[in-house]
Amino acid sequence: MAERDLVLAVDCSTSGAKAVVFGPDGRSLSSGRATFTMAKTPEGRHEQNAHDWWRTTSAVIAQAMAGVDRTRVAAMTVTHQRETFVCVDAAGEPLRPAIVWADNRSVPQVEEFGSDETHRISGRVPDITPAIFKLAWLNQHEPAMLRSATRVADVAAYLHWRLTGRWITSASSGDSLGLMDLASRQWSPTLCEIAGVEIHQLPEIATPGTVIGAVDGAVAEQLGLTPGTPVIAAAGDGQCAALGTGVSDADTMYLNVGTALVAGYVSPEYRWSRKYRTVLDAAGQGFLLEAFTLSGAYLITWFVDTFAPALLAQGADPSCAAREQDLEAGAASVPPGSDGLFTVPYWNGSQTPYWEGNARGTVLGWSGIHTGAHFYRSILEGSAFEVRLQVEGVIADTGVPVRRFLATGGGSRSPLWSQIIADVTGIQVDICAETETTALGAAMMASCAAGIHPDLRTAAAAMTRTVQSIAPQPAVAQQYDELYKRYLTIYPVVREICQR
């Protein structure tokens, strides 16, 4: 029988699922990926079909397992988009579409129920992203449905049920619902009352890094796994991304340039502040202080899908990656500051530090000289200005200087965007070698649970590495210092208009 030295990690994200088989050295041996859709409305609602989570997850696992000897896979695990949830009946059938983290229908509920007390208990600034306020919306608008739900499940709990038959989630996954008392790692009766749910409707909470069950026989055969393969409780995508970067030094933050733009700092002690949100770290022992905006690569995808066909030459390669490369080449020829064009990237409301769900994107400074390349660069610059704003808040609160980013996510593969972030923040950006850093972090947890590595520190040393360091350019950084001062004045001026 082959040595059981591999682990399988699934990342069920906002736009699709990925499955990656990793070796003990953190290198990917086989993978699969598939996408699913999200329904959006002009009012800002974002919904998905939970069946799509399982459909794509099962498909990508089968793809990944087709390339390896299944008897070598010691364990599997799941990481996932956070805050998103689904209400299901006793048979596990969704009672309505799942509500996604980017959904902003709950602005009135944030205003009604959000408080310093909810912040202190959950670690989350009252905001549209955690599920608690969306559940409060359901309690007011769809109360019969919410009362009839047998389970209210995060993505991890739903997929764990499909894999093992258990409604169970990791503490570092379930905390994203905003219903957990972070100090006790248990569901909070106070927060559940606000949400209008009973604790028995919520999943069982598992300790991160522990075995929660085994893949069912028939399901295992469908997926190409050995029946009885252990399933390990992992964490949400943000926590796993942080772990997958290998971040550990006090002067280092991880920077996830993904659908959302998240800068995170590891803290051994529980802190809460409006300058960031606090979540459990992947292992469930410490905490991540996360400053973020929802419009990261989400905004790039929106721009490419909306404008690229009109901006690029006829006959250009129609693939999304090729279009982004062509747009990036044009944006690279535009000088810092985009010739006076500023973009405030609040397409999905504002998070750190304003926390205002009614905030909207602003593009200021248009003139006849501006092109699509200017607009594209101004989006990259606006996102970088937000990173600086986020990091300055964390530094001000903790007193710890940040000298290096460990960058991950699809956006970190953009040389121009990474350089702009380095120049705007004045902080070195080190690019992680593994593109699927979120899946890698989950795989590190599975490798420890399976005995491949003795602990996460050893796993990080063996499985993580960087491929490039991007240093700030002093002359450009000086230019951006002046531009950043101007940028900071924009949203306070347009805030009242957005609120109206």
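This is a chat about a predicted model, its two domains and two of its residues.

Biologist: Which domains does the assignment give?

Modeller: Domain 1 covers 6-234, and domain 2 covers 245-432 + 465-499. Keep in mind that the model is predicted.

Biologist: How far apart are the C-alpha centres of domain 1 and domain 2?

Modeller: The two centres lie 26 Å apart.

Biologist: And how many residues are in contact between domain 1 and domain 2?

Modeller: On the domain 1 side 31 residues take part, and they are in contact with 30 residues of domain 2.

Biologist: What area is buried between domain 1 and domain 2?

Modeller: About 2400 Å² is buried there, and carbon and sulfur atoms give 53% of that area. The lost accessible area is often used to state the size of an interface.

Biologist: How many salt bridges are found across that interface?

Modeller: The rule finds two salt bridges between domain 1 and domain 2. Separately, 13 residue pairs are in polar contact between the domains.

Biologist: Which helices supply at least two residues each to the side of domain 1 that touches domain 2?

Modeller: They are α2 (107-113), α3 (116-122) and α7 (171-174). The largest share, five residues, comes from α3. By type, that side of domain 1 has twelve nonpolar, seven polar and twelve charged residues.

Biologist: Back to salt bridges. What does glutamate 83 pair with?

Modeller: Glutamate 83 forms a salt bridge with arginine 277, and their closest N and O atoms are 2.9 Å apart.

Biologist: New topic. Where is aspartate 103 found?

Modeller: Aspartate 103 sits in the loop between β8 (98-99) and α2.

Biologist: Is aspartate 103 buried or exposed?

Modeller: Aspartate 103 counts as buried because its relative accessible area is 0%, and the cut-off for buried is under 20%.

Biologist: So what does the side chain of aspartate 103 reach?

Modeller: The side chain reaches the backbone nitrogen of histidine 46 at 2.8 Å. Aspartate 103 also has a polar contact of 2.9 Å with arginine 105, side chain to side chain. Leaving aside neighbours within four places in sequence, the residues in contact with aspartate 103 are Gly44, Arg45, His46, Ile128 and Lys134.

Biologist: What about glutamine 499, where is its place?

Modeller: Glutamine 499 is in helix α18 (residues 490-499). Glutamine 499 is partly exposed, with a relative accessible area of 37%.

Biologist: Which residues is glutamine 499 in contact with, leaving aside neighbours within four places in sequence?

Modeller: Those are Glu356, Asn358 and Tyr491. Glutamate 356 is 143 residues from glutamine 499 in sequence, yet the C-alpha atoms of the pair are 8.8 Å apart in space.

Key. Residues are numbered from 1 along each chain as its sequence is written. This is a predicted model: local features need pLDDT of at least 70, side-chain atom pairs count only at pLDDT 80 or more; totals for chains, interfaces and linings use all residues. Side-chain values use heavy atoms; hydrogens and water are left out. Domain bounds come from an automatic or database domain assignment. Contact means heavy atoms within 4.5 Å. Buried area is the accessible area (1.4 Å probe) that two parts lose on being put together, summed over both. A salt bridge is a side-chain nitrogen of Lys or Arg within 4 Å of a carboxyl oxygen of Asp or Glu. A polar contact is a pair of N or O atoms within 3.5 Å; within protein, one must be able to donate a hydrogen and the other to accept it, and residues adjacent in sequence count only if both atoms are side-chain atoms. Helices (H or I, at least four residues) and strands (E, at least two) are DSSP runs, numbered from the N terminus. Ala, Val, Leu, Ile, Met, Phe, Trp, Tyr, Cys and Pro count as nonpolar, Asp, Glu, Lys and Arg as charged, and the others, Gly among them, as polar. Buried means under 20% relative accessible area, exposed over 50%, partly exposed in between (1.4 Å probe, protein chains only).
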